[in-house]
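Trainee: I'm new to this structure and would love a close look at a single part of it. Could you walk me through one helix and what surrounds it?

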Amino acid sequence: MQRNVLVVDDEAGIIQAIRRMLRAEPFHIHEASSGDEALAILQRHDIELMITDYKMPGMDGLEMLDRIRAMDETIPVIILTGQGDISTAV
């Protein structure tokens, strides 16, 4: 059974890298390049895990997390960043 995973990043190369890492798993990977696009996908699909970048133009990963929690607080969310510091991570 395939599980729906949503990967959100404004850099296509990062999405492709995550897709390659997960290719051996039974996941159907949905891709979004912005928070608004991700929210639209969440309304149309039963997403079981979301992996998102923290720093994106427009809606950042934390704002998107707040909006997702308002829609469905059970979806696990992993926030990635290459630019954060310890206080941001905590």
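Mentor: Let's start at Met50, whose bridge partner in strand S4 is Val77. Please keep in mind that this is a predicted model. The pairing of strand S3 (residues 49-53) with strand S4 (residues 77-80) is parallel and runs over four bridges. Together with helix H3 (residues 61-71), S3 and S4 form a right-handed β-α-β unit.

Now follow Met50 inward. Met50 is among the residues with the most contacts inside the largest nonpolar core, which has 16 residues; Leu6, Val8, Leu42, Met64 and Ile68 are the others named for this. Strand S1 (3-8), helix H2 (35-44) and H3 each give two or more residues to this core. H2 provides the largest share, four residues.

That makes H2 a good part to look at closely. Its buried residues are Gly35, Ala38, Leu39, Ile41 and Leu42. Viewed down the axis of H2, these buried residues fall within an arc of 160°, so they line one face of the helix. Turn to the other side of H2 and you will find Asp36, Gln43 and Arg44 exposed. The cover over the buried residues of H2 includes S1, strand S2 (27-32), S3 and H3.

Leu42 brings us back to our starting point: beyond its neighbours within four places in sequence, Leu42 is in contact with Met50, as well as Leu6, Ile47, Ile68, Met71 and Ile75. Finally, there is a second, separate core of seven residues, including Ile18, Leu22, Ile29 and Ile51.

Notes: Residues numbered from 1 in each chain as written. Predicted model: local features only at pLDDT ≥ 70, side-chain atom pairs only at ≥ 80, totals over all residues. Heavy atoms only, no water. Pairing = 2+ DSSP bridges. Right-handed = clockwise from strand over helix to strand, strands pointing away. Core = buried A, V, L, I, M, F, W, Y, C linked by side-chain atoms within 4.5 Å. Buried < 20%, exposed > 50% of the residue type's maximum accessible area, 1.4 Å probe, protein only. Contact = heavy atoms within 4.5 Å. Arc of directions from axis to C-beta.
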